[in-house]
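Reader: Could you take me through one part of this chain up close, starting with a charged pair and then moving on to its surroundings? I'm in my first year, so plain words would be great.

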Amino acid sequence: MTAPTKPPHTTPATAPATPTTTPATAPDGTHLHTPVIDWFEDNARDLPWRHPDAGPWGVMVSEFMLQQTPVNRVLPVYEQWLARWPRPADLAKDAPGEAVRAWGRLGYPRRALRLHGAATAITERHGGDVPTDHAQLLALPGIGEYTAAAVASFAYGQRHAVLDTNVRRVFARAVTGTQYPPNATTAAERKLARALLPQDEGTAARWAAASMELGALVCTAKNETCHRCPITAQCAWNLAGKPEHEGPARRGQTYAGTDRQVRGKLLAVLREAHTPVPQSALDRVWHEPVQRARALDGLVADGLVEPLQDGRYQLPATRA
């Protein structure tokens, strides 16, 4: 999810336990860049998509997989995926259903279809190479603002504001003094992220990777470890006494008993079968017929399942 880096050292960075300075009134990020990037150099996780040999395609695959999915679940699927499809053209040659099958239990399987669509477009439009231009990345199917910026930054070292949940939380606390960012990314957050970007491209790419890692490892949503943070002394939220979140309660996502769980069970049957399966095989995975039918209809509508004329079902064999 971040730019290539050397393997992390074992000695953690230290930070003052007591705030001694105040954040800038109109932050340009200069007081944050050096300590965060230095911390990253010593503490970054040694992840395969950060290695130079991962290449832009490896970075793109990781970005799709890491959306709403923790690193420990992604690692084995990522490695299997790149071993099977080392280039976009390799994935594009296979049916989209094979991408869904290989996605396994990462969750949100539409990401597999979107990644297959992006690989097909890269093969057809760009000769099989992940484009370097941000606008061309953004024009690929399944690529949104975040993913285009992340690939351009982490794969090509370009200067872009990369705003995932971890970065937004770091900025909310360190600069604006609030415990959590808004539920959805706002124009004000984008403006702040651009203001905080270092001017130098290489430094900006390192800053994007470092601020993301800080949010993932230290400035976490719960049980943050401020004594390990390199910018504790500059953090507006810490200096304000860590005021608690105000506003609507932040609720975790439920899974058990939801349509999402039923969809997962239905897809599991289809992933394990290499020939079309009858309706009866799908009926056995969930006891409630109305919810089961609704979940199956949703999978068909999303292009994750193809119904056949004889009443059987399969993973998609044709492009959407």
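Author: Start with Glu213, which is buried, at a relative accessible area of just 2%. Keep in mind that this is a predicted model. What does Glu213 pair up with? Its partner is Arg50, and the two form a salt bridge whose closest N and O atoms are 2.7 Å apart. The pair links distant parts of the chain: Arg50 sits in the loop between α1 (30-43) and α2, while Glu213 belongs to helix α11 (residues 201-217), and 163 residues separate them. Is Arg50 buried or exposed? Arg50 counts as buried, because its relative accessibility is 2% and the cut-off for buried is under 20%.

By the rule used here, the salt bridges number 15. Let's look at a couple of others. Arg101 and Glu98 meet through their side chains, 3.2 Å from N to O. Both of them lie in helix α5, 3 residues apart, which is about one turn of the helix. The general idea is handy here: an α-helix has 3.6 residues a turn, so residues three or four places apart point the same way. Arg101 counts as buried too, at 17% relative accessibility.

Now try a pair from further along. The side chains of Arg110 and Asp302 also form a salt bridge, at 3.7 Å from N to O. Arg110 is in helix α6 and Asp302 is in the loop between α15 and β1 (306-307), so this pair ties together parts 192 residues apart in sequence. Here both partners are partly exposed: Arg110 has 38% relative accessibility, and Asp302 has a relative accessible area of 26%. Some salt bridges share partners, and in that way Arg84, Asp94, Glu98 and Arg101 are joined into one network.

Next, take helix α3, residues 71-84. From first C-alpha to last, its 14 residues reach 20 Å, close to the 20 Å expected at 1.5 Å a residue. Which of its residues are buried? They are Val71, Val74, Val77, Tyr78, Trp81 and Leu82. The cover over those buried residues includes α2 (55-66), α4 (88-93), α5 (96-103) and α6 (110-125).

Just ahead of that helix is Thr69, in the loop between α2 and α3. Thr69 is buried, with a relative accessible area of 6%. A polar atom of its side chain lies 3.4 Å from the backbone oxygen of Leu106. Leaving out residues up to four places away in sequence, Thr69 touches Val74, Leu106 and Arg111. Met65 touches those three as well, along with Val77, Tyr78, Trp81 and Trp103, again leaving out residues up to four places away.

That brings us to the nonpolar side of things. The largest nonpolar core has 52 residues, and Trp57, Met60, Met65, Trp81 and Leu115 touch the most other members. Helices α2, α3, α5, α6, α8 (145-156), α13 (259-272), α14 (279-283) and α15 (289-301) each supply at least two residues of this core. Which helix gives the most? That would be α6, with 7 residues. There is also a second, separate core, made of 33 residues, including Leu32, Phe40, Leu197 and Cys229.

Technical notes: Residues are numbered from 1 along each chain as its sequence is written. This is a predicted model: local features need pLDDT of at least 70, side-chain atom pairs count only at pLDDT 80 or more; totals for chains, interfaces and linings use all residues. Side-chain values use heavy atoms; hydrogens and water are left out. Helices (H or I, at least four residues) and strands (E, at least two) are DSSP runs, numbered from the N terminus. The expected span of a helix is 1.5 Å times one less than its number of residues. Buried means under 20% relative accessible area, exposed over 50%, partly exposed in between (1.4 Å probe, protein chains only). Contact means heavy atoms within 4.5 Å. A polar contact is a pair of N or O atoms within 3.5 Å; within protein, one must be able to donate a hydrogen and the other to accept it, and residues adjacent in sequence count only if both atoms are side-chain atoms. A nonpolar core is a set of buried Ala, Val, Leu, Ile, Met, Phe, Trp, Tyr and Cys residues joined through side-chain atoms within 4.5 Å. A salt bridge is a side-chain nitrogen of Lys or Arg within 4 Å of a carboxyl oxygen of Asp or Glu.
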